[in-house]
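Hi everyone, and thanks for coming. Let me put a structure up on the screen, and then we can walk through it together.

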Amino acid sequence: WGSASNVYSGNSRQIDEYSYEHQDFLVLVAAGNSGSSPGTLGSPATAKNCISVGATQNGNNDNDLAGFSSRGPAFDGRIKPDVVAPGLSVTSANSIPTPTDNHCSRTNMAGTSMATPATAGIVALAQQYFQDGFYPSGKKTTEDGFKPMGALLKAVIVNSAQRLTGGNANAQGTGYPNFDQGFGIVELDQTLNFENSDKGLFLRGDFSNMPTFTSPSDPPVIHKFTSTCSSSDFRATLVWHDPPSQTSNSKSLLNDLDILVTSSDGVEIYPNGGTQRDSTNNVESISFKSEKDKEYTVKIYATDIQVGIQPYSYVVTGCFISPDRPIPSNQLSKEIIIKAGIGLIGICLLAGLTLGAYKLGKGRRNGINNTFEGIERIEEKKVQGKGKVRKNMWQDTKKW
C-alpha cells in the first residue's frame with residue numbers, strides 16, 4: 001500500500017485530510033527501507049500530520065541509524081522522518097497463515113515497520129497518561145483526565161526525542177534536527193513526568209477545549225518561565241494538524257504557525273535549529289541549555305491562515321516551576337510494563353508487534369522488544385491531569 005516515491009501522494013493527502021477533520025486522531029507511518037541516500041523517504045510517510053518513523057540499530061549500537069532506514073528531506077524540504085526507534089534485530093510475534101492452534105511463534109526481524117509499532121506503543125502510553133489524569137500533578141487523578149489532541153501526542157513524542165550522535169544519523173550534516181534522524185530517538189520520560197519529578201512540564205492540547213487561530217491578527221499566546229537551575233534542557237515544541245494540500249503543490253504547508261523563545265536578555269531562539277522563523281514545517285521545536293534565574297518567554301502566533309480554523313498543541317519542558325503545578329525536587333524512575341497486542345488510537349502500519357518491557361527513558365539502552373495495545377499494567381506512580389473539559393467543540397465546528 002506504500003510507495004518508495006518521495007511525493008505528496010493521494011494516500012498522504014488522505015492522512016492529512018482525515019487528521020485535520022478529526023483532531024483527536026494520529027497516524028504513524030514507517031519511513032521506508034530504501035537506504036541511506038538523501039530523499040529516500042516514501043509515501044505516505046510524506047504526510048504532514050503523521051509521525052514518520054525511521055529505524056535505529058539496537059542494543060549497544062542504538063546510538064546510530066540502521067543502514068536501511070529511509071532518509072529525508074520530504075520532497076518540499078520538510079524534516080522527515082519525525083523520529084526514530086530501534087528497528088534492527090527486534091523480536092516480534094510471527095504470524096502463521098494456517099495456524100493449527102491459537103499460538104504463534106516469535107521471529108527476529110528488521111525494518112522501519114518494526115520501529116513504527118514500538119513508537120506506536122509509546123504513543124498509546126502517552127494517550128493513557130492524559131486520559132487517566134496524570135497531568136499536571138504527577139499522580140493519577142480521574143477528574144483531571146482529558147482526551148488529548150493528536151497534535152498534542154505528536155508534540156510529546158517530538159519533544160521527547162533525543163539526538164543520536166552516530167555517523168549514519170548525521171550523514172547529511174551536523175545540524176539538529178536533521179534529515180537523517182529527524183528529531184531523534186524517542187525517550188518518553190524526557191517530557192512526561194510523575195509526582196516527584198524535578199522537571200517542569202507545561203502543555204495545551206485538550207481535544208474538548210482546543211486552542212485555535214483563525215487569522216494572523218489573532219493575539220499571540222505568551223507564557224513566561226523562569227529557570228530554577230543551570231545547564232538544563234529547555235524545550236518547547238509546537239505541532240498542528242495542517243489542512244490537506246493538493247498533490248500537485250510544490251509546498252505542502254498551508255496554515256503557517258510559529259513559535260519563538262526569547263530570553264530575558266533579549267536573545268531570540270528560533271525553531272528547528274534555524275536562525276529565523278520556519279515557514280516549511282508544521283512541527284517546530286526549540287531546544288537549548290537554560291541558565292538559572294533567567295526568564296524565557298515562549299510566544300506562539302499565526303503568520304498565515306489560508307484554510308479554515310487552525311487548532312494547535314504545544315509542550316514546554318525544562319527546569320522551571322510549571323504554571324499548572326509546583327514540581328517537587330526528587331526524581332523518580334518509572335517503569336511501564338506493556339504486553340504484545342494490536343495497536344490503538346487509529347495508528348497506521350502496526351505490522352511487527354513487539355514484545356517485552358519498556359522502561360521510560362531507558363528502553364533504547366536495553367533494546368526495544370515491546371508493544372502496544374494492551375497496556376496490561378502500569379507499575380509506579382503516574383501523573384495528574386489538567387483542566388475541565390468541554391464537550392465536542394471540534395465536532396460541532398464546520399469542516400473545511
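Let's begin with a cysteine, C319. At 11% relative accessibility, C319 counts as buried, because the cut-off for buried is under 20%. Please keep in mind throughout that we are looking at a predicted model.

What is C319 joined to? A disulfide links C319 to C229, with 1.9 Å from S to S. For anyone new to the term, a disulfide is a covalent bond between the sulfur atoms of two cysteines. The count for the structure comes to one disulfide. C229 lies in the loop between β10 (221-226) and β11 (232-239), while C319 lies in the loop between β17 (313-318) and β18 (335-337), so the pair ties together parts that are 90 residues apart in sequence. The partner, C229, counts as partly exposed, at 21% relative accessibility. Another cysteine to point out is C50, which is buried, with a relative accessible area of 0%.

Now for the aromatic rings. How many aromatic pairs does the structure hold? There are 16 aromatic pairs. A pair of rings is described by the distance of the centres and the angle of the planes. Take F213 and Y312, a stacked pair, with 4.6 Å from centre to centre and 10 degrees between the planes. F213 lies in strand β9 (residues 212-213) and Y312 in the loop between β16 (310-311) and β17, so this pair ties together parts that are 99 residues apart in sequence. Are these two residues buried or exposed? Both F213 and Y312 are buried.

Here is another pair, F234 and F320. Their ring centres are 6.0 Å apart and their planes are at 50 degrees, so the pair is tilted. F234 lies in strand β11 and F320 in the loop between β17 and β18, so the pair ties together parts that are 86 residues apart in sequence. F234 counts as buried, at 2% relative accessibility, and F320 is buried too, with a relative accessible area of 2%.

If you'd like to see how these rings connect, ring pairs link F202, F213, F225, F234, F288, Y296, Y312, Y314 and F320 into a cluster. So both of the pairs I just showed you have their rings in this cluster, because F213, Y312, F234 and F320 are among its members. There is also a charge and a ring to look at: the charged end of K299 sits over the ring of Y301, 5.0 Å from its centre.

Let's turn to the empty spaces. The largest pocket holds about 280 Å³ of space. Which residues are closest to its centre? Of the 16 residues that line this pocket, those are Q162, Q190, K199, D233 and T317. The elements giving two or more residues to the lining are β6 (161-162), β11 and β17. β11 gives the most, with three residues. By type, the lining of the largest pocket has four nonpolar, seven polar and five charged residues.

Then there are the cavities. A search of the whole structure finds two cavities of 30 Å³ or more. I'd like to show you the second largest cavity, which holds about 50 Å³ of space. What lines it? The lining is made of K48, R78, I79, K80, D82, K154, F183, N281, N282 and V283. Those residues divide into three nonpolar, two polar and five charged.

Two names in that lining are worth following, K154 and F183. K154 is one of the buried residues of helix α3. The helix itself, residues 150-160, is mostly covered: eleven of its eleven residues are buried. N159 is also among the buried residues of α3, and its C-alpha atom is 8.2 Å from that of F183, though the two residues are 24 residues apart along the chain. F183 lies in the loop between β6 and β7 (185-186), and F183 counts as buried, at 1% relative accessibility.

One last stop: V53, found in strand β2 (residues 51-56). V53 is buried, with a relative accessible area of 0%. V53 and G182 are 129 residues apart in sequence and 8.8 Å apart in space, from C-alpha to C-alpha.

That's my tour. Thanks for listening, and I'm happy to go back to any part of it.

How values were computed. Residues numbered from 1 in each chain as written. Predicted model: local features only at pLDDT ≥ 70, side-chain atom pairs only at ≥ 80, totals over all residues. Heavy atoms only, no water. Buried < 20%, exposed > 50% of the residue type's maximum accessible area, 1.4 Å probe, protein only. Helix = DSSP H or I, 4+ residues; strand = E, 2+ residues; numbered from the N terminus. Disulfide = S-S within 2.5 Å. 1 Å grid on protein atoms, 1.4 Å probe; cavity = no way out; pocket = protein on both sides within 12 Å on 5 of 7 lines; lining within 4 Å. Points joined across faces, edges and corners; volume = space filled by probe spheres on them. Nonpolar A, V, L, I, M, F, W, Y, C, P; charged D, E, K, R; others polar. Phe/Tyr/Trp six-rings, centres within 6.5 Å; stacked < 30°, edge-to-face > 60°. Lys NZ or Arg CZ within 6 Å of the ring centre and 35° of its normal.
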